[in-house]
Amino acid sequence: MTAALGIWLVRAEGEALAKALQKILGGDIYRPWLRPDTSQKEQFAAAYRQHARWIMVAASGIAVRFLDGLPADKHTDPAVVVLDEAARFAVALLAGHEGGANALAYRVARAVGAVPVVTTATEALKPLTIGIGCRKGVAADRIEAAVRQALKAGGDYGIADVREMATVDLKAEEPGLLEFCARYDLPLRVFARADLAARPWVGKPSDWVRQNVGLDGVCEPCALVANARGALLVPKTSLDGVAVAVVLDKWMEI
């Protein structure tokens, strides 16, 4: 049975990255150089409709050329995410909303430590990034209550104004956090502890976080690293085992 996800390589040098993706996300790996009698573009065109989602480990220019003439309708086109061989950027290239490329870009980014790149207009209009930390086993309802409290403290904002959530790798699979994000279709960005330690943007260091996570804080640096051109709208605020910080995008002021 064909997997829902296809992973397309253009060079053998991407093999290790493809296997890392497959281990976490599943999917079928394509190695078109093994069929030198047929061009890669022709091979991709033949396989294009066999998967609902694609990760192309390639330059974006190659992906665009391969896709030439293939997309037909945003409601039926497969989702395509382009990932460079150095695993720096996961770009939602095609079928961002309807096909799920935006969500896939975040999943790919979490899997390999890349930066998710989403360019659809709906996300661009959302000005807030929320950094979050929580105790183990905190329920989704408690996370929602803490988020709503922080948004209220920031002014006339709601969950609909949130572009993405951000947390530390230790909390990447926290059930309550994942449930809350799924409830409101919010993408979750995850940062390695080492990356956050290198950017200790914390207003009030926490002894508990230092002892249990190895950082002075989680929510503030997560939000600020996720949106480096933003500014803290709401510094760390805590409620019932959940810490939240809100960053407001400042692109209009650039």
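Student: Why does A95 count as buried?

Tutor: This is a predicted model, and A95 has a computed relative accessibility of 10%. Buried means under 20%. The value falls below that cut-off, so A95 counts as buried.

Student: Where does A95 lie?

Tutor: In the loop between β5 (89-94) and α4.

Student: What makes the phi of A95 worth a remark?

Tutor: Phi of A95 is near 60°. That is a positive value in a residue other than glycine. Most residues other than glycine have a negative phi.

Student: What about D185: buried or exposed?

Tutor: D185 has a relative accessible area of 68%. Exposed means over 50%. The value passes that cut-off, so D185 is exposed. D185 is found in the loop between α7 (175-183) and β9. Its phi is about 50°, positive although D185 is not a glycine.

Student: How do you know that strand β11 is largely enclosed?

Tutor: Count its residues. In β11 (residues 242-248), 7 of the 7 are buried, so the rest of the structure largely encloses this strand. Both faces are covered. V242, V244, V246 and L248 are buried on one side, and A243, A245 and V247 on the other.

Student: Which strands pair with β11?

Tutor: β7 (residues 128-134) joins β11 through 7 bridges. β10 (residues 231-239) joins β11 through 6 bridges. Pairing takes at least two bridges, so β7 and β10 both qualify as partners of β11. β7 and β11 run antiparallel, and so do β10 and β11.

Student: Where does A243 fit in?

Tutor: G133 stands opposite A243. A243 is also the bridge partner of S238.

Student: What links β10 to β11 in their hairpin?

Tutor: The hairpin has 2 residues between the strands. D240 takes a positive phi there, near 55°.

Student: What makes β9 and β10 the edge strands of their sheet?

Tutor: Each of β9 (188-191) and β10 pairs on one side only. The sheet is open, has 5 strands and follows the order β9-β8-β7-β11-β10, with mixed pairing. Neighbouring strands are turned by 20° against each other on average, direction ignored.

Student: How are β8 and β9 joined: parallel or antiparallel?

Tutor: Strand β8 (residues 162-168) and β9 run parallel, with 4 bridges between them. V168 stands opposite F191 in β9. Helix α6 (residues 140-154) packs on this sheet, touching β7, β8, β10 and β11. Its direction makes about 140° with that of β10.

Student: Why is α1 called roughly perpendicular to α4?

Tutor: Helix α1 (residues 15-25) and helix α4 (residues 101-112) pack at an angle of about 110°, with axes 10 Å apart. The range for roughly perpendicular is 65 to 115 degrees. The angle lies inside that range, so α1 is roughly perpendicular to α4. The crossing is right-handed.

Student: Which residues make the contact of α1 with α4?

Tutor: L17, L21, I24 and L25 come from α1. R107, V108, A111 and V112 come from α4. By class, this contact has 7 nonpolar residues, no polar and 1 charged. Arg counts as charged, so R107 is the charged one.

Student: What does the contact of α6 with α7 hold, by class?

Tutor: The axes of α6 and α7 come within 8 Å and cross at roughly 65°. This crossing is right-handed. A140, D141, I143, E144 and V147 in α6 meet G176, L177, E179, F180 and R183 in α7. The classes are 5 nonpolar, 1 polar and 4 charged. Gly counts as polar, so G176 is the polar residue.

Student: Why is one side of β2 and of β6 left without a neighbour in the sheet?

Tutor: Start with the order. This open sheet of 6 strands runs β2-β1-β3-β4-β5-β6, with mixed pairing. β2 (28-30) and β6 (115-117) stand at the edges with a single partner strand each, so one side of each has no neighbour in the sheet. The twist averages 20° from one strand to the next.

Student: How do you know that β5 and β6 pair?

Tutor: They share 3 bridges, in the parallel sense. At least two are needed, so β5 and β6 pair. F89 has V115 in β6 as its bridge partner.

Student: Which helices lie on these strands?

Tutor: α1 lies across β1 (5-9), β2, β3 (53-57) and β4 (79-83), at about 170° to β1. Helix α2 (residues 40-47) touches β1, β2 and β3, and its direction makes about 180° with that of β1. Over 145 degrees counts as roughly antiparallel, so both helices are roughly antiparallel to β1.

Key. Residues numbered from 1 in each chain as written. Predicted model: local features only at pLDDT ≥ 70, side-chain atom pairs only at ≥ 80, totals over all residues. Heavy atoms only, no water. Buried < 20%, exposed > 50% of the residue type's maximum accessible area, 1.4 Å probe, protein only. Axes fitted to C-alpha atoms, helices over the stretch in contact; angles between N-to-C directions. Parallel < 35°, antiparallel > 145°, perpendicular 65-115°, else oblique. Left-handed = near helix turned anticlockwise from the far one by under 90°. Contact = heavy atoms within 4.5 Å.
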